[in-house]
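I opened my notebook to look up a few features of this structure. I kept one entry per topic.

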Amino acid sequence: MENHEEDAIRRQIDAIVQAIDSKDLEGLKQVYAVDVVSYDIDPPLQHVGIEAKLKNWANVFTVFDRVTYEVRDLAFVLSDDLAFGYAFARLSGTLNNGTATNGMWVRVTYCFRKTDGAWLITHDHVSVPLDVRSGNGVIDLEP
């Protein structure tokens with residue numbers, strides 16, 4: 001797979017980062033497929049469709065006064081019209097009550113499909129490690 005395809009997908013991830021930083025739901029809408037299926041941190045187990053995905057981001061924007069989305073160690077596997085990427089990601093910033101937060105690192109997988117020449121996210125999956133004995137998520141790990 002040629003490098004320009006991976007570059008195009010990386011630009012989509014950059015667009016997510018920029019849209020979150022500016023709380024731009026319309027910008028986020030341009031990155032996801034209409035029928036996206038998201039396994040996000042918030043319940044329920046799955047969010048189906050672009051409106052459900054955008055509602056998750058809108059909820060983030062109501063909690064944060066200023067928000068930053070950071071993606072680390074992003075890697076891809078590509079074919080002609082399908083790709084997946086995996087990385088660590090973190091939301092941080094200032095909450096509406098003025099409290100600064102470093103957030104927590106999560107594991108994220110992005111699944112892309114090339115549709116009409118554009119790489120769109122058709123599935124994403126966000127998770128935190130689980131301490132099986134306590135049943136609690138482990139949220140203080142760093143990459």
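**Entry 1: a positive phi in a strand**

I began with Asp73, which lies in strand S3. I kept in mind that this is a predicted model. Asp73 is not a glycine, yet I read a positive phi of about 55° for it. Is Asp73 buried or exposed? It falls between the two: Asp73 is partly exposed, with a relative accessible area of 49%. The cut-off for exposed is over 50%, so Asp73, at 49%, still counts as partly exposed.

**Entry 2: the partner of strand S3**

I stayed with S3 and looked for its neighbour. Strand S3 covers residues 64–78 and strand S4 covers 82–95. S3 and S4 pair in the antiparallel sense. I noted twelve bridges for this pairing. How many residues sit between the two strands of the hairpin? Three residues lie between S3 and S4. For one facing pair, I wrote down Val71, which stands opposite Ala89 in S4. I also copied a general point: in a regular strand the side chains alternate between the two faces of the sheet.

**Entry 3: another positive phi**

Next I looked up Lys23. Lys23 also is not a glycine, and its phi is positive, about 55°. Where is Lys23 found? I located Lys23 in the loop between helix H1 (3–21) and helix H2 (25–29). Its relative accessibility is 30%, so Lys23 counts as partly exposed.

**Entry 4: a cis peptide bond**

I then turned to two prolines in a row. The peptide bond from Pro43 to Pro44 is cis. I read an omega near 5° for this bond. Pro44 has its place in the loop between strand S1 (32–39) and strand S2 (47–48). Asp40 is in the loop between S1 and S2 as well, and I came back to Asp40 below.

**Entry 5: a salt bridge within one helix**

How many salt bridges does the count give? The count comes to six. I looked up a few of them.

One links Glu6 with Arg10, and their closest N and O atoms are 3.0 Å apart. Both residues lie in helix H1. They are four residues apart, which is about one turn of the helix. Glu6 is partly exposed, at a relative accessible area of 22%. Arg10 is partly exposed too, at 29% relative accessibility.

**Entry 6: Lys53 and its two partners**

Lys53 took up more of my page. At 1% relative accessibility, Lys53 counts as buried. Lys53 forms a salt bridge with Asp40, and the closest N and O atoms are 3.1 Å apart. Why does this pair tie together separate parts? Lys53 lies in helix H3 and Asp40 in the loop between S1 and S2, so the pair joins parts that are 13 residues apart in sequence.

The side chain of Lys53 also meets that of Asp124 in a salt bridge, at 2.8 Å from N to O. Asp124 lies in strand S7 and Lys53 in helix H3, so this pair ties together parts 71 residues apart in sequence. Asp124 is buried, at 3% relative accessibility. I drew the result as one network, because shared partners in salt bridges join Asp40, Lys53 and Asp124.

**Entry 7: a closer look at Asp40**

Asp40 is buried, with a relative accessible area of 18%. The cut-off for buried is under 20%, so 18% puts Asp40 in that class. Which side chain, besides that of Lys53, did I list for Asp40? A polar contact of 3.0 Å joins the side chains of Asp40 and Asn56. The contact from Asp40 to the side chain of Lys53 is 3.1 Å.

**Entry 8: the largest pocket**

I finished with the largest pocket, which has a volume of about 540 Å³. Which residues are closest to its centre? Of the 25 lining residues, these are Asp40, Ile41, Trp57, Val60 and Leu91. Asp40 thus appears here as well as in the salt-bridge network.

I listed the elements that each supply at least two lining residues: helix H3 (50–63) and strands S3, S4, S6 (105–115) and S7 (118–127). H3 gives the largest share, six residues. By residue class, the lining divides into 16 nonpolar, four polar and five charged.

Technical notes. Residues are numbered from 1 along each chain as its sequence is written. This is a predicted model: local features need pLDDT of at least 70, side-chain atom pairs count only at pLDDT 80 or more; totals for chains, interfaces and linings use all residues. Side-chain values use heavy atoms; hydrogens and water are left out. On a 1 Å grid over the protein atoms alone, a cavity is a set of points where a 1.4 Å probe fits but cannot get out, and a pocket is an open set with protein on both sides within 12 Å along at least five of seven lines; lining residues have an atom within 4 Å of a point. Grid points are joined across faces, edges and corners, and a volume is the space filled by probe spheres set on the points. Ala, Val, Leu, Ile, Met, Phe, Trp, Tyr, Cys and Pro count as nonpolar, Asp, Glu, Lys and Arg as charged, and the others, Gly among them, as polar. Buried means under 20% relative accessible area, exposed over 50%, partly exposed in between (1.4 Å probe, protein chains only). A salt bridge is a side-chain nitrogen of Lys or Arg within 4 Å of a carboxyl oxygen of Asp or Glu. Two strands pair if DSSP finds at least two bridges between them. A polar contact is a pair of N or O atoms within 3.5 Å; within protein, one must be able to donate a hydrogen and the other to accept it, and residues adjacent in sequence count only if both atoms are side-chain atoms.
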